[in-house]
Each structure stands twice: as structure tokens, then as C-alpha cells.
Amino acid sequence: MEWKFCKKSTLLILAIIVLAIIPIAIQEDFTFVKVSNATENAEVQANSLEEKLSKLLTNEQLDGTTTSVSVMHANTGDILFSENSDRRLHPASNMKLITSVAALEILGENYQFTTQVRTNGKVKGKVLHGDLFLQGKGDPTLLKSDLKQMAVDMKEQGIRKVKGNIIADDTWFDDERLSQDLNWSDESFYTGAQVSALTLSPNKDYDAGTVIVHVLPQATESGKAVIEVTPKTDYIKIVNRTQIVDADKPKDIAIEREHGTNRIIVEGTMPKKSTQVRSWVAVWEPTMYALDVFQKTLQEEGIDFIGKTEALMKAAPDSSTILTEKKSMPLKDLLIPFMKLSNNGHGEVLTKEMGRVVHGDGSWEKGLAAMEQVMEQFGANTDTMLLRDGSGMSHKNMIPASELLQVLYHVQEKEWFPLFKKSLPVAGVEDRLVGGTLRHRMQEAPAKGNVIAKTGSLKGMSTLSGYVTTKDQQPLIFSIMINNYIGSSEEITAIEDQIASTLAAHELE
């Protein structure tokens, strides 16, 4: 009896203990869950887009720079990140984003430039009695092969001789050859080539107003390297100061045009059996360069000049007749070499052409005014912008990243937007007419093939602006502008790539 009582007492005590423990266990479990959720939320917060980008911007390479980064949701226009985005900074070649957008809006995707051969004379038998005019209207893609076709067209009209002058007409644009802020030290290089309504490109990169100088490892009788020029022209003079050396000697070739002349100095050592050296050199006064190549092309095709012939520059009379003409590729195709290869000359030609079309004046002043009007249409506050050229070569262009984002956002509504986006370089894609200036950058997923953006680079300046899709398929627009850096440009572009790659890898939801 006592044992049964003890047993019952023991069971009762155990039951009381169990009942007491259960709530504590439940409470402890609940407490654990709460702590786990708090930790997870803290991790999410630590990995927010703002945390990620802010951390990248602490890189010591950015010390002393002015750096602006702005990120927008491409569908809603919501700003997701902003660091100094209202600061006016130099865009470098990000200026071409504005130029291409304005050109598509003003000129249209199918716009073409025209080059004409005209005359004020008459054809009698096989002789053209009168002057022959080569009239340029801004085409930056004119090639020697196009001039050859014009000569063939003239032959098909029975012309074998010209008794008159050969005249270049470049009056479609004004006579200002260089944009107002171009550095003196840049003007002999293809990046700073002079702008004319009549000009010529040496190959299908379409660097108008330049020639390609080839230095070959073969020796001349004097022991110098062989030098060739594309296209062949007597308009420039090569001064050959090179020397062929043994194959184990270093290759050290310098090519530069003397300021204000067309004397191109080539000097240095070229080892035997070495690879050639090529350099694109801007010519002085591209109008007459185009005319010189045209005259030689006519002669190559069997059309000779008789009598006293002069090469002149002046406008063709309105009453002159068209013998033949060449239309350029449409703007939608021109945008590919312009934007992918960051062709400065195209930016300046398009600027002057917009001035001609909108204001009847092919000048930088009127072209930039037309571009500002378009920027206002696309939501940009032009009161806080300063536009000085169409290529971004000027160190005085000033654009806040926030205003550039407004433009990149609003252009998505235009029918031509797919053409504009297609013209932008694509990260990590080797084809230079697809990857362009981004072909050797961001070559790994998720940025490869995803970051679609325009690069920009000047001394102490680097920029990258465009479009990217996040890991959870959210479309973003971004702009990165880094000014006033000193040191390695590779380290600065690496930071840009990290930012763009972070956007590509991020999940917004």
C-alpha cells in the first residue's frame, strides 16, 4: 500500500516536472527561431546593393578622385543607389551616348550622307569641258573604293579627259577643323583628326581624315625600313629616319606628323623579320587630301586632265549638274563603328550635321544647341550640363551621372531604342564590332554578354554607363564617372568592372 502510494506520488511529481519543462522548451525553441531570423535579416542587410557598392567605393585607388555612381531600375525609374550623382563631371567618351541619341532623334535611323561629283561644263565627245567638283556633305565613311566607283561611272558616260580644274567643295560644314577644346598634342593622332564635310577614310574602321602608315621590316638600298601609306597619296611627305637592324635587336619605331604640316616623321629601329608597325595619322587639311586621292584615282581609271589644271577649293555652283554620287551607309549602321570603336570623328561629324539639318549651319555651336534641345526632351536638366563637343575629347564637357541616367531611361520609349542599344559595346564578347571597347573586359559570367555600356577614357578620367540585368532578371541602368585619378587606368577600370559585375550578380528581390 505504501509502495503504491509512493509510486503514485512519484508519477505525479514526474508529471508536474514535465508540464513545467514543456513551456520552457517551447519558449527556448521560439527564442531560437527569433534569433535565427534576426541573423538572416542582418545578413541580407549587410548584402544590400547599397552595402555592396559602398564597400567597392572605399577602394584606396579612388582616394583623391571625384567619383559618381548612380543606379536606376530601368522599368520604374526608381533610383536604387546614388553617390555624388548630381556632381558635374567630365564624361569622356560617354559624351557619345548623348550624340548618338540626338542623331537618332534628329536625323533618323535611315539618314545617309551624300558625296557628289558635279560639273559646270559639258561633255563633247570624250572630253568634259569645264571644272570637275568633288562635293562633300559630311560622309565620314568615304573610301578610295568609292572614289574608284565614281570614276567608273564617269567612264560609262564616255568621259576620258577633263579640260578644266578639279575642285573640292566642303562648304556643307563651316571651316573650323578642330573642336574648340582639342589639345594641341592630340591633333596629329587619329583621335583628334580634323573635321571636314569632304574627307576620306583609309579603311573600314572609318577614321576619316587619316592615313595609315605601315613600317615594314624589309630594307631599302640605304638600309632603312620600307614605308607604305594607305591610301597612296602625294599629299603627305614621309621623312624616313629608320634603320633596319639585326633580328635580335629591339623594335623601336616612332611615327608623328609635324604640327601644321603634312610631313610625317618616321624614326627608330626595325629588326629584320619583325612584324610591321602601323599607325593611323591625321592629315592636315583633309579636304585637299580627299581631292588628291580622287584625282589620282581618276587617272588610274584612265581619265586624264588636259590643259592647265589647278586643284582648288570652292563651292560648286547651284547650276552645276551631277555626274555621279555616292550615298553612305544609313545612320543605324554607322552607329556600330561609331559606338563600338568609340570613333571620335563620327561624333564631331554628327554634331555638325545636326547643326546643318536643324539650324542650316554645319557648326559645333549649332550642332550642340540642337543636341541640348533633344536632351531636354529626354528629361535631362541642361542647365546643369555643359556640352562642348560631340566625341567627349573636350576636358570641359560636364554632365552629372543623374542627368545621363534620365536620358538612358527615357530613350527606352523610342522605336529606335533597340538600334541604339545594339550599338553599345557588350562586355567580354571578342568580336570587336560586338564587344567593341568592352571586348577584353568582364569576360566571366554574369557580366559577360550582360553588361551593355559605353566606355570613356581621357587622361585622369574614366567612365562607364549603360544597361545590365540582375541575377533575378531585373533591368538596371547605371552610370559610373571617375575623374581626377592619378595612376593606373587598369586599376580604375577594374573598379568599374567590379561595380557592373556586382549589379549583374545582385538579386533585388
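In the predicted model, the largest share of the lining of the largest pocket, 5 residues, is contributed by strand β20. This pocket has a volume of about 690 Å³. Its lining comprises 29 residues, and those closest to the pocket centre are Y190, T191, L341, S342 and T437. Two or more lining residues are supplied by each of the elements α7 (344–359), β20 (452–458), β21 (461–469) and α11 (489–505). Classified by residue type, the pocket lining consists of 16 polar, 7 charged and 6 nonpolar residues.

Enclosed space was also examined. A search of the whole structure identifies 2 cavities of 30 Å³ or more. The largest cavity has a volume of about 80 Å³ and is lined by 14 residues, with L182, T191, G192, A193 and E348 lying nearest its centre. T191 is thus named both among the residues closest to the centre of the largest pocket and among those nearest the centre of the largest cavity. Helix α7 gives the most to the lining of this cavity, with 3 residues; α7 is also one of the elements that give two or more residues to the lining of the largest pocket. The lining of the largest cavity divides into 6 nonpolar, 6 polar and 2 charged residues.

The second largest cavity has a volume of about 50 Å³. Its lining is formed by A193, Q194, V195, S196, T199, A208, G345 and V349. Among these residues is A193, which is also listed among the residues nearest the centre of the largest cavity. No charged residues occur in the lining of the second largest cavity, which has 4 nonpolar and 4 polar residues.

At the level of the overall architecture, the protein is divided into three parts: domain 1 (49–111 + 330–505), domain 2 (114–176 + 286–327) and domain 3 (210–282). The centres of domain 1 and domain 3, taken over C-alpha atoms, are separated by 36 Å.

An open sheet of 5 strands is arranged in the order β17-β9-β7-β4-β18, and its pairing is mixed. Strands β17 (311–313) and β18 (321–327) occupy the edges and have a single partner strand each, so one side of each is left without a neighbour in the sheet. On average, neighbouring strands of this sheet are turned by 20° against each other, direction ignored. Within the sheet, strand β4 (residues 114–119) and strand β7 (residues 132–136) run antiparallel and are joined by 5 bridges. In this pairing, G136 of β7 is the bridge partner of T115.

Two helices lie across strands of this sheet. Helix α4 (residues 144–156) lies across β4, β7 and β18, and runs at about 145° to β18. Helix α5 (residues 286–300) lies across β4, β7, β9 (166–169) and β17, with an angle of about 140° to β9. Strands β4 and β7 are therefore crossed by α4 and by α5.

A further antiparallel pairing links strand β1 (residues 66–73) to strand β2 (residues 79–83) over 4 bridges. Across this pair, V71 stands opposite F81 in β2. The two strands form a hairpin with 5 residues between them, in which G77 adopts a positive phi near 80°.

Note on methods
Residues numbered from 1 in each chain as written. Predicted model: local features only at pLDDT ≥ 70, side-chain atom pairs only at ≥ 80, totals over all residues. Heavy atoms only, no water. Pairing = 2+ DSSP bridges. 1 Å grid on protein atoms, 1.4 Å probe; cavity = no way out; pocket = protein on both sides within 12 Å on 5 of 7 lines; lining within 4 Å. Points joined across faces, edges and corners; volume = space filled by probe spheres on them. Nonpolar A, V, L, I, M, F, W, Y, C, P; charged D, E, K, R; others polar. Domains from an automatic or database assignment. Axes fitted to C-alpha atoms, helices over the stretch in contact; angles between N-to-C directions. Contact = heavy atoms within 4.5 Å.
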